[in-house]
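Hello,

Here is the structure we spoke about handing over. My notes on it follow below the model.

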Amino acid sequence: GACASGGGLQAVRLLRSDDRSLWRSTHAVREASLRTADACIADAQQGEAGRGEAEAGGAEEGPQWRWLRNRRFNAATNAFIQVAGHSNLFERLCESVIIKQSSTPERAAYEGISATPLGPFVPRCLCACQRGEVQLLYIEDLTARYRRPCVMDVKVGTRTFLEADAASTRRRVDLALKMLAVDPAALSEEEAAAGVTKMEYMRWREVTSSSATLGWRIEGIRRARGGAAASHYPAPKLLREPEQLEQAVGWFCEGRPAVRRAFAARLAELRAALEASRWFATHELVSSSLLLLYDGDPHGAAPPGLWMIDFAKAAPLDGALVLTHRAPWQPGNCEDGYLTGVDSLLHLLSRPDPLAGECNPSGRSRPSRRARGASQSGAERA
């Protein structure tokens, strides 16, 4: 296996200095965390190098690689927070770094974006190691800066499938089972037994959510506050109508106008950067997400944040093709509707929060009757 830092240790040091003004109250903790990241990434690099030498010489892998491969953390105190996606692709390295089992396109996307003005809108990729066809990406854990992370994962774009998927006729039972897990009435017994094509599955995901109409959908919401256990919004993937999405976003923000305004401002900055980006204009972003985070602890120092994540299906365009990211998709034009989704989400976040001010004596937001009804009906669907 080959391991290239890609400025990895330097990137950790830059992370330390760039954020110092923002996180002064948690400076000592953050410094210690990033020193741990320095050491862990150095160990990982040594381990990968030892593994490569062992493979080349037919010897056993070195102790550093065995340490990394066997490293496990206490699930109660060190588990990373994830609200959507494939959980088996991630492993925690240390408090501030997670390892993602990924692919060459995603590694290339991180390397390409980090060298552009879009860099501040993605988590830092501190190190990348190749092992066969698998890329291990050592990525900054965005939740580490928050005491009680509240997380919303938003899938962006009107098209969430690759153009190559449209041509595939292979029927897959595993995709049929995914459909039934979300909606038991989605398929008949005969259809479930026969399976569905990737195109049929992805189209179903789009039309049963808000992807096809608004260009974004909610993949998952996790809210945490005080000493209470984290709670999740029920059945977010089935939300399709603007009113339903408004209620879910209001629930996520807990009726806190400052949080909502911070997300809107950050998304407006991102849109301006995207519209000015040559990299963005010459790449299609399929099935990519925005991660929205804020601290459920009112004493937390880190402000709300919004980042682009998930670039496994990002691809450079052939020739001189340039995307608008707003035009409707037609086979061959590679349009993904990414900016259509950003426009729509920004429009929602810029409106006043209908749940603002509805709090109970404990300080927690009390959803409106309409929001409570939506939550109950969502629970019944789930």
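F252, F263 and Y294 form a single aromatic cluster. Like everything below, that is read from a predicted model, not from an experimental one.

One member of the cluster, F263, belongs to the buried part of helix 12. Helix 12 covers residues 257-275, which makes 19 residues, and runs 27 Å from its first C-alpha to its last, close to the 27 Å expected at 1.5 Å a residue. Its buried residues are V259, R260, F263, A264, R266, L267, L270, A273 and L274. An α-helix has 3.6 residues a turn, so residues three or four places apart point the same way. The buried residues of helix 12 are covered by, among others, helix 11, helix 13 (278-281), strand 10 (288-295), strand 11 and helix 14 (338-350).

R266, which is on the list of buried residues in helix 12, also lies over the face of W307, with 5.5 Å to the ring centre.

For the chain as a whole, the secondary structure comes to 15 helices and 12 strands. The chain has 382 residues, and 48% of them count as buried. Of the contacts between residues at least 6 apart in sequence, 70% join residues at least 24 apart. The exposed surface of the chain is about 17600 Å², and carbon and sulfur atoms supply 53% of it.

Aromatic pairs

The count of aromatic pairs is eight. In one of them, the ring centres of Y110 and F311 are 5.3 Å apart and the planes stand at 90°, so this pair is edge-to-face. Y110 is in helix 5 (residues 104-114), while F311 is in the loop between strand 11 (305-309) and strand 12 (314-316); the pair therefore ties together parts that are 201 residues apart in sequence. Both Y110 and F311 are buried.

Y233 and W251 also make an edge-to-face pair, at 5.2 Å centre to centre and with 65° between the planes. Y233 sits in the loop between strand 8 (231-232) and helix 11 (242-253), and W251 sits in helix 11, so the parts tied together here are 18 residues apart in sequence. Y233 is buried, with a relative accessible area of 5%. W251 is buried too, at 11%. W251 has a further neighbour: the charged end of R223 sits over the W251 ring, 4.0 Å from its centre.

Salt bridges

How many salt bridges does the count come to? The count is 20. Three pairs and one network are described here.

E106 and K100 form a salt bridge in which the closest N and O atoms are 3.0 Å apart. E106 is buried, with a relative accessible area of 0%, and K100 is buried as well, with 8%. If you are assigning protonation states, these are the two residues of that pair.

R172 and D174 meet through their side chains in a salt bridge of 2.8 Å, N to O. Are these two residues buried or partly exposed? R172 is partly exposed, with a relative accessible area of 22%, and D174 is partly exposed, with 36%.

In the salt bridge between E254 and R256, the closest N and O atoms are 3.7 Å apart. E254 has a relative accessible area of 2% and is therefore buried, the cut-off being under 20%. R256, with 23%, is partly exposed.

The network links R271, E275, R326 and D343 by salt bridges. R271 and E275 fall within the residue range of helix 12, 257-275, and D343 falls within that of helix 14, 338-350.

A loop residue

The last item is A115, in the loop between helix 5 and strand 4 (125-131). Where does A115 stand, buried or exposed? A115 is exposed, with a relative accessible area of 69%. A115 and W279 are 164 residues apart in sequence, and their C-alpha atoms are 9.7 Å apart in space. W279 falls within the residue range of helix 13, 278-281.

Regards

How values were computed: Residues numbered from 1 in each chain as written. Predicted model: local features only at pLDDT ≥ 70, side-chain atom pairs only at ≥ 80, totals over all residues. Heavy atoms only, no water. Helix = DSSP H or I, 4+ residues; strand = E, 2+ residues; numbered from the N terminus. Buried < 20%, exposed > 50% of the residue type's maximum accessible area, 1.4 Å probe, protein only. Contact = heavy atoms within 4.5 Å. Areas by Shrake-Rupley, 256 points an atom, 1.4 Å probe, with all protein chains shown as cover. Phe/Tyr/Trp six-rings, centres within 6.5 Å; stacked < 30°, edge-to-face > 60°. Lys NZ or Arg CZ within 6 Å of the ring centre and 35° of its normal. Expected span 1.5 Å × (residues − 1). Salt bridge = Lys/Arg side-chain N within 4 Å of Asp/Glu carboxyl O.
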